[in-house]
Amino acid sequence: MADDDRTGTASERPVALVTGASAGIGEQFARYLGAGGHDIVLVARDRARLEALAKDLDADHGARAEVLAADLTDPDELERVESRLSSTDAPVDLLVNNAGFGTIGRFDRLPVDREVDEIELNVIAVVRLAHAAASAMVSRGHGAILNVSSIASRQPTPNMATYAATKAFVSSFSQSLHVELGGAGVHVMVLEPGFTRTEFQDRLGTGEEEGRVPEFLWTTPDTVVEGALADLRRGKAVSVPGWTNKVMAGSSSAMPAAVTRRVAAAMMKTD
Ligand SMILES: NC(=O)c1ccc[n+]([C@@H]2O[C@H](COP(=O)([O-])OP(=O)(O)OC[C@H]3O[C@@H](n4cnc5c(N)ncnc54)[C@H](OP(=O)(O)O)[C@@H]3O)[C@@H](O)[C@H]2O)c1
């Protein structure tokens, strides 16, 4: 855990809004940012988990944590989070657009409504929240947006077709914004984690398939978040924490598409 480097009073602390803060990578972002001196707005659907985390952040770091329970696939609930990002009374300095989920299986066998929800959460919510944050940050002349993508963004992934496509969107979108908004004082960075042990795999329903991924490729949310926050401080456009992920990301760009499609298909095989 990072050292608590706070120097000011609660009202002087910068504010970060983290989506998907109730578990996994988002929860670690909230804990690291709280330890590093931020107050946090916690967003996810599970209010009880967010409230427990808010208590921890206060007790461990004296961080003020607001709980904003919302299903980001619901337009009205998403709108409440957009409004929070637009607030001029309690401005948000850092948006961590982290909430997301995957689906696995042959496309025609997957319920189409779940595929659409995946696009709503992984793409539409990311765009709407980034827009609300960017508008407020540009008018103040500073701020940062960290969008969580995946190394799955680097190549089409048979059996995770929708997921990989949503993350390709997030990576492309974020790198364009990095250039567009950089001159206006807003730093946009995309985080591309590899296989990270969180609740993601349970929600995907891949207890068995997890076994297809060699142990050395797995990492922890701590490692991902520590690397991401270091890269954010360095002003990077893209963060790929961990050397194994850097190798995988580099290989995806260097190898012929026909090869990377087959490798990805073998790792995500479901039958
Ligand atoms: N784990 C990996 O291997 C991996 C690899 C690369 C990229 N990623 C990306 O990392 C991000 C975080 O994933 P994770 O691994 O930390 O997964 P996780 O442990 O399953 O956490 C997902 C978070 O998203 C929230 N969430 C899910 N649906 C939501 C909705 N409709 N509205 C609001 N919040 C919602 C969940 O909270 P509630 O259930 O309380 O809403 C939870 O806090 C995702 O964007 C994922 O694609 C993960």
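How many residues surround the ligand, and which are the closest? In this predicted model, 31 residues surround it, and the closest are R45, N98, Y163, T198 and R203.

**Around the ligand**

Let's start with some polar contacts to the ligand. Each row below pairs a protein atom with an oxygen atom of the ligand.

| Residue | Protein atom | Distance to a ligand oxygen atom |
|---|---|---|
| Y163 | polar side-chain atom | 2.6 Å |
| K167 | polar side-chain atom | 2.9 Å |
| A23 | backbone N or O atom | 3.4 Å |

How much of the ligand does the protein cover? On its own the ligand has 890 Å² of accessible area, and the protein covers 96% of that. Three elements give two or more residues each to the shell: α1 (24-35), α5 (161-182) and α6 (200-204). Of the elements, α6 gives the most, with three residues. Sorted by class, the shell holds 13 nonpolar, 12 polar and six charged residues.

**Inside the protein**

Now for the nonpolar cores. The largest one has 29 residues, and those with the most contacts inside it are L17, V43, L72, V81, L85 and I145. At least two residues of this core come from each of β1 (15-19), β2 (39-44), α3 (75-86), α4 (112-140), α5 and β6 (186-191). Helix α4 has the largest share, at nine residues. If you want a spot to zoom in on, try V81: leaving out residues up to four places away in sequence, V81 touches L17, V43, L68, A70, L72 and L129. Another core lies apart from this one, with 28 residues, including V18, A21, I25 and A144.

**Two residues to look at**

Is N245 buried or exposed? N245 sits in helix α8 (residues 243-254), and it counts as buried because its relative accessibility is 2%, under the 20% cut-off. Beyond residues up to four places away in sequence, N245 touches I151, G194, F195, L217, T219 and V240.

V67 is another one to pull up on screen. You'll find V67 in strand β3 (residues 65-69). With a relative accessible area of 26%, V67 falls between the 20% and 50% cut-offs, so it is partly exposed. Setting aside neighbours within four places in sequence, V67 is in contact with L42, R47, L50, E51 and A54. As for A21, one of the residues in the 28-residue core, V67 and A21 are 46 residues apart in sequence and 9.8 Å apart in space, C-alpha to C-alpha.

Key: Residues are numbered from 1 along each chain as its sequence is written. This is a predicted model: local features need pLDDT of at least 70, side-chain atom pairs count only at pLDDT 80 or more; totals for chains, interfaces and linings use all residues. Side-chain values use heavy atoms; hydrogens and water are left out. A residue is near a molecule or strand if one of its heavy atoms lies within 4 Å of it. A polar contact is a pair of N or O atoms within 3.5 Å; within protein, one must be able to donate a hydrogen and the other to accept it, and residues adjacent in sequence count only if both atoms are side-chain atoms. Accessible areas come from the Shrake-Rupley method with a 1.4 Å probe; for residues, only the protein chains shown count as cover. Helices (H or I, at least four residues) and strands (E, at least two) are DSSP runs, numbered from the N terminus. Ala, Val, Leu, Ile, Met, Phe, Trp, Tyr, Cys and Pro count as nonpolar, Asp, Glu, Lys and Arg as charged, and the others, Gly among them, as polar. Buried means under 20% relative accessible area, exposed over 50%, partly exposed in between (1.4 Å probe, protein chains only). Contact means heavy atoms within 4.5 Å. A nonpolar core is a set of buried Ala, Val, Leu, Ile, Met, Phe, Trp, Tyr and Cys residues joined through side-chain atoms within 4.5 Å.
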